Structures are given as structure tokens and as C-alpha cells.
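Hi,

Here's the structure I promised to pass on. Have a look at it first, then read my notes below on how the chains meet.

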Amino acid sequence: MAKKQQSENEDILSLANSLRWELGVDFHDTVIESIYADASRIARKTVRTEGEKPAYNWDFKIDRIVTSRWLGFPIMFLLLAVVFWITVSGANYPSGLLAELLIDTLHPVLKNGATAIGMPWWLSGVLVDGAYLSMAWVIAVMLPPMAIFFPLFTLLEDFGYLPRVAFNMDSLFRRAGAHGKQALTLSMGFGCNAAGVIAARVIDSPRERLIAIITNNFSLCNGRWPTQILIATIFIGGAVPAHWAGLVSAGAVVGIAVLGIFFSLVVSWGLSKSVLRGETSAFSLELPPYRPPRILQTLYTSLIDRTIFVLWRAIVFAIPAGIVIWLVANIHIGDLSLAEHFIRWADPFALFFGLNGVILLAYIIAIPANEIVIPTVLMLTVLSTGMHEMGEGAGVMFELDSIADTENILRAGGWTLLTGLNLMLFSLLHNPCSTTIYTIYKETHSAKWTLVATLLPIVLGLIVCFFTAQLWLLFFSTAEAVG
Amino acid sequence: MNSQHDCENCPVHHRENLIRLGIAMDRVDYVVALAGNPNTGKSTVFNNLTGLRQHTGNWPGKTVTRAEGGYSYGEKRYKVVDLPGTYSLLSTSTDEETARDFILFGRPDVTVIVADATRLERNLNLVLQVLEITDRAVLCLNLMDEAQRNHIEIDERNLSAELGIPVIPAAARQKEGMPELIAAIGEVASGRYVCQPHRLKSRSPKLNHAVSTLAEKLAAQFPGLPNLNWVALRLLEGDQSIIDAVRTGELGKLSTGILSPQS
């Protein structure tokens, strides 16, 4: 019975095949034409338009400006800069409050509580100094900027600006052999790369979707902005006269973000010319009418859908990372902790790339969440330089109230302007966080492409850091020799 | 075909296929699918129906995953499934296939098509394609407020007569037209309103012949299969997912009510 049915099924398919031959190639168009003809006939019968269309003119005028050849990109960067400026300046105060509550107040209470109930030092270390503190850091550092960034981004979305961004960037991406909608996934990545990777579902062709997924990590995500801003303020802002410091360091951060877009395009181009070769598919992008954003609803939904969601997964991943960080700083082999062993071993190699062992270790153990890189770097620097009067003790991540104190620690750890610059570059060009890696795997179902998406940015980052370091050394040693 | 309308409250959705498509079917009387072009306010309609607050963004391709919610009306429980916004059901992109497979294989009791009243002609292309694959649909003519501002008038009664389905004007952002939409969904779901959906006719005789030849074969092999002509047309076009459904015999399970024996 089953056999017979199967062969009859195949009969139907071969009949379809032969009929298809008879019909010729253009019948698909005929079908579509008949749909369009009916739609047009019905519309003519039922729709009546009176007079001019005044509301469209507004849209048209705004579009003329925001998608114009000369103003399109400057307006885009300006809006981006304004969004980041509001995010950065607005997040400072609530971040400080949260840090005071969760870290300065609650952490000692928990620590004392643990001692009072007779918890062994290592257990309270793992739980309170490791797990709790890393969670507290993620909340304090991430929550305020996300609670500001996502609603702002969503308002731009709601207003209808994002499709215009895609429209502006379309030709760039097409020249890179990628899909125009990649501009949308790229913008999404500025909020969170995992979200950007999921958003790549809007791209039809598997080839172009893969390109969008692999290159999404080049969008500087929310978790990396604080690192960029802090390091730029200390090292880049510190290298120029004080009244220029703010502008120059903000410019440096936007520069890194633009560099990320540049890498996105270059890598897309490279992929589409090599392993992911193929035709660029055409797509039609409808520019929807501008609509007044609904502010309250936007605030609510972006808080629930995005902020809390992203924060939650960051916490889930940060807790185990906190435990590992505490352990590597407290498990000793001989005189030195695991962390110090690694730092000493990696230092020569890292200096070659203009980085140092602390940065490498911090990036390895902070894979779960980019947000805890800076606190980890500070803790490890103090640990490895033996500045025990600073900070909170081995394995305890901390951040300092004043940027000047942070600078002192980093300079004592041997940091220079080059280290700062290369950290900024490496922060842009390194593996995606573990959530994003997992998301890439879930979206592509391919271990191979997940591996490519993970390793490609690190290799690129090391190359870029290497050349920056070598050029820097060449330039400055020559300058010194001349001077 | 006619016997389908005899039992008034008999849901037509295909429970097993719906479960396979990932829909939890506990305590659900009717399944409602939401289809529509991107950026027509489909997610806003979804939120209004279900009271959920799915994020609604003003850009195409925003809903990349399927969202679900529910409401009850007239002692019946409705499950609403928000499909990805698409311009057509004919291409092979993932989101269009998701939408099409859901309507075709899940066979929702009602498919609500949300259309932008200010761009009706373009939206009708999708409406007509949806009507090719389902008998039970409601057109939600959204953004009527914008249409009014643009001095666009739509003759809803005439449109409803042309399409053979209820047409409900609405302004979802202002929550206007939602009670009427819910009522119309109820009418169609319960079978009190019998749709006579518009079907495409203007085809070449050669194509009509090919379609009917193939449809005859299909009818013999898969008795009771709805939308024979549409399936035949897709086979002629070489639609891979339909070809696979024929090859594995999956298509047989679409036959009304009766499941073909699992072999």
C-alpha cells in the first residue's frame, strides 16, 4: 500500500514536471500578472482619492533631507552621536546610585553576614565576591545605559527613521556583495549583537543572511560602550589639552564605531568574494510614512522586551564568570595565583600586539559578558602589580569612583596611550560574547559557521592591534631617535 | 465541502498540524492567524486583540518570529497567531514560507489580513494570495485615520462583496474598530458568516488546462484536499515545500477531517 502510494505521488510530480515544460518559462509572470490585474481592478472600483495628498508631502520633504546624498550620512552620524551622548551622560548618575547600593552597601552586608553564619572564606569568596559581585556589576553598569539607549533607539524606530538608515546604507552594502537589509541588522547590533543576529532572519538569501550574522559582531554593542568611553577618556582625552578632552574622546568613540561599520563592509565584501560567493539579491524596501511615536508605550515595551530581556541573559552568564574570576585569582600554584601565572606567561606575547596579559586574560574570562571586562582588568592589574592598598582584595572585581584613580592603577600596570588605543581596537574586534555565539549557533545550525563567526574577529583584532603597535613603535622610536 | 458548514461550531483547524507547528492547543476553541504586509499595524492589531504588548516597530520585517496570544469572546476561546509580515506568499524566503505554511497546513479557523487603507491596491496583492489558500478570512482595513487625512475613501461594502469576506475598517493605534473585528472573527469562525472568497480567474487557457489536469490527479490521490487548484499551481511552479509535501504524502493529512493512515 505504502509503496503504491509513494509511486503514485512520484507520478504526480513527474506529471507536474512535464506540464511545466509545456507551459514555458514565463507562466510564473502570468500568474503574478493576474494577481496584480485583479488587485488593480478591485482597487479602482472601491477606492476614491480626493484632491491633493497633503500628508505625503511632509514625508516626502523629510525624506528628501534624511536620505539626500550629502546630508544623509552626516544626519545619521549626528543622530547616532546624540543618542550615545544622551545615553552616556544620562547613565552616569543612576549607575553611581546602583553601584552604591549594590556594591558599596549590600556587598559588605552580605560579606559580613556570610562570616557571621560561619561560612568558610572560600565559599563566601565564590558566592559573594565572585557570583554576587559580578551580577551586581552587570546590573549597575548595564541597566541604566540600556534603559536609556533602547527606548531612544525604539523611538527612532517607531518614528520611521530606521528604514531610511537602511535606504542610505543600501548601496554601500550592495557594493560589498551583501544585502541592503544588513543595514538594519547592523543598527540592531549597536544595541545587542545577539538581537542583531536574530534580526538577520529578515534577509531571504541564506548566503547574505550568513554574511549579516558573521559581521554583526562589528557593531559595537551596548556592553562595549562603557569600556570604550572609559579608556578614551583616560588615554585619548588625557593626551590632548583639557578643553579638547571631552570632544576628542567622544570623537574617538564614534570613530571606533564607524571603524566597526567599515570592518563590517570590508569583511562582507571579503566573504562575498571568497567563501560566500554569489549574486546580490534585489529587494524592495518600503519607506513607511513617518508616524508620531507613542512615547509611553515605547518606554514600556522597550523596557520589558529589550532591556529586561538583555539584562537577564547578561546576569545568567555573568554569575558563572564571576565565580571563575574569583577562582583564578585565588587558586595558587606555588607563590602565584592562576591569574598571575597566565598574565606573566602571556605578557611577552601580548606586548607584541600592544596589549598586555591582563587584557588577554580579562577577555578570556569575561567572554560571557563584555560589561565586566573593565572591572576584571582593574582587579587583575592590582593583583599582578601587588598594589594591595588599592581595590578590594584578590578576585574581587571593582571599579573606582574617580577616573583619576582608575588611571593611576592602569598607569602603574604599565599602560600607555598605545595600550589604551589597542584595548579600544581589541574591544571592537574580538570574539562575540557567549550569548551571541550561542545565538549564532541556534540561527545557523552550523558549528562551522559559528566557529568562523567567533574566530574571524579575534584574528582580525590581533592583526589590527599588531600593525598599530608596530607602526606606533616604529614612529615613536624614530621620533625619539631624531629628537 | 458543503458538509463542512453543517455543524455550526465545528472548528476547521487542523489540531495535529497546529501542534506540530508549535502551537499549544490546550483550551482553545478557535485559531486565528494574523497576516498582512509589513508596516500595516499588524502587531498593533495583535496587541489590541490579545492585550499583550508585543514591541511594535515601524519598519518592515520587524516580526521575525511568530507571536501568540489569546482572548475570549462569546464563551469561546480564541488563539491568535501573529505571522511575519510579507508582501507575498509566492517567494521562497523564510518568513513568507512560515506565513504560508501556517495558513496552508495549520488551517486556522480564521485568517485576519491586516491591510493599509492608504495603500490598498498594493495590499490587495497579498489579500488575493491569502484568499487563494483559505476559505475563511476577514480583512481588517487598518490605518483608516491616515486614509481619512489623505482624503482616501474606501467603499467597504463593495470591497467586501468583491472579496467575498467581511471587511472591517479600523484604526488600531486608536483602538477603533476592534470590537467590530472581534465580532466578525467570531462570525466567520462559527460559520455564521460563510465566506465566498475571490478566486483568480484571468489565466491563459493553456495554464487552466494544466492546472485542471494536475488537480484531477491530486484529487484522486488525496481525496478531500482543499485548494486543489492552488496546490496544482504551486507544483507547476516547482515550489519545493509543496513538492516535498506530495512526495512524503504529508499533503494527504490536509484532507478535511480525516487523517490518512500513517504508513
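Strand β1 of chain A (residues 47–49) is joined to β6(B) by 3 bridges, and these two strands run antiparallel. If you want one pair to look for, Thr49(A) has Ile152(B) as its bridge partner in β6(B). Keep in mind that you're looking at a predicted model, not an experiment.

Now zoom out to the whole interface. How many residues are in contact? On chain B it's 66, and they touch 66 residues of chain A. People often describe how big an interface is by the accessible area that gets lost when the parts come together. For chain B and chain A, about 6200 Å² is buried between them, with 57% of that on carbon and sulfur atoms.

There's some charge pairing too: 4 salt bridges turn up across the interface of chain B and chain A. One of them links Arg48(A) with Glu153(B), and their closest N and O atoms sit 3.1 Å apart. On top of that, look out for polar contacts, with 8 residue pairs found across the interface of chain B and chain A.

Which parts of chain B do the touching? The elements giving two or more residues to that side include α2 (42–50), α3 (94–106), β6 (152–154) and α8 (205–221) of chain B. The top contributor is α8(B), with 8 residues. Sorted by class, the side of chain B that touches chain A comes out as 25 nonpolar, 25 polar and 16 charged residues.

Cheers

Definitions and conventions. Residues numbered from 1 in each chain as written. Chains lettered and ligands numbered in written order. Predicted model: local features only at pLDDT ≥ 70, side-chain atom pairs only at ≥ 80, totals over all residues. Heavy atoms only, no water. Contact = heavy atoms within 4.5 Å. Buried area = accessible area lost by both parts, 1.4 Å probe. Salt bridge = Lys/Arg side-chain N within 4 Å of Asp/Glu carboxyl O. Polar contact = N/O pair within 3.5 Å; in protein donor to acceptor, adjacent residues only side chain to side chain. Helix = DSSP H or I, 4+ residues; strand = E, 2+ residues; numbered from the N terminus. Nonpolar A, V, L, I, M, F, W, Y, C, P; charged D, E, K, R; others polar. Pairing = 2+ DSSP bridges.
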